[in-house]
Amino acid sequence: MHHSTSLFNLHDTAAVVRNRWKPIAFFVAIVLALTTLILFFILPKKYKAEVVAVATNPSLADKARMFNTNIQLLYSNFGTSEDLDRLYGVARLDTIYKTLVDEFDLTTYYQVKGDSSLKQKNAVHDLKEDVTVQKTELNQLRIMVWNKGNRLAADMANRMMQIIENLLAEVWRSDYKRSIETLHNAIAQMEDEHRLLLDSGGPIAMAKKEGLLNSIQQYRKAANEIQLASANTIPALIILEKAYPAAKAAKPDKLMTLISAFLLALFFGICAALLVDRKTTS
């Protein structure tokens, strides 16, 4: 009984569509015409560039690996998911985007207005809309950049990955630098103490001077090893696939947009026809 009294059953819907197919078709045609106009003449084309990398094992930066041949093979070249999380977090820092804005003059590209600081802030906001950073199931870092210039998109994607690598390498170098400074300060203190004991005699003073000389030698060796490790910093990531200029635009997706516009226009056109028919028959 309920099926026979339903106002919007399939039979009634089909009848309404048959009776009002002309206005429905007209509405769909108008929507498709407007969508086509926007897609082909208003919306700018954007090219997609993609660069893929994996995190390296931070243990590779351990100086013990460089000076102990017995443990070199114990280190894997690839990092873990935690190392990938670190790369992902760095890739989302505003520092990365600000550097890109300045290097590629994106304030002009995005035509932002205001003073210099406001321009940079607005350009960073617009740039983030054109950049996607993803972590894949294969522990890969994927950076995708959309831009109206295919070469510019590729250059920005590659440069973004390079900035991430440089930033993390600088963190490692700073850590090495602090360690070297600490060792040099300790060496200077021991050398001062040794000079004070030069005129002292006796077995206790001799043993202390010998101990200081041994410590100074060990500290100098450690400082030299760290200095060498600092000069041979391990890259924070390994690029698996560089970004290259795309041959055709990725946005907007004209075919999918037209199909979606057709289906939505048809749906709303039928709904409007049903509502109009319900009002006229009630």
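Three short exercises follow, on a sheet, a helix and some salt bridges.

This is a predicted model: local features need pLDDT of at least 70, side-chain atom pairs count only at pLDDT 80 or more, and totals for chains, interfaces and linings use all residues. Residues are numbered from 1 along each chain as its sequence is written, and side-chain values use heavy atoms, without hydrogens or water.

**Exercise 1.** Work out the strand order of the open sheet and find its edge strands.

Solution.
- Strands are DSSP runs of E, at least two residues; helices are H or I runs, at least four; both are numbered from the N terminus.
- Two strands pair if DSSP finds at least two bridges between them.
- The order is β2-β3-β1-β4, with antiparallel pairing.
- β2 (131-135) and β4 (237-241) each pair on one side only, which makes them the edge strands.
- Five bridges join β2 to β3 (residues 141-147). Val131 has Val145 in β3 as its bridge partner.

**Exercise 2.** Identify the parts tied together by the salt bridge between Lys128 and Asp94.

Solution.
- A salt bridge puts a side-chain nitrogen of Lys or Arg within 4 Å of a carboxyl oxygen of Asp or Glu.
- Lys128 and Asp94 meet at 2.5 Å, N to O.
- Lys128 lies in α8 (residues 116-129) and Asp94 in α6 (residues 94-103), so the pair ties together parts 34 residues apart in sequence.

**Exercise 3.** Locate the salt bridge between Arg178 and Asp175.

Solution.
- The N to O distance is 3.6 Å.
- Both residues lie in helix α9, three residues apart, about one turn of the helix.
- Elsewhere, salt bridges with shared partners join Lys48, Glu50 and Arg142 into one network.
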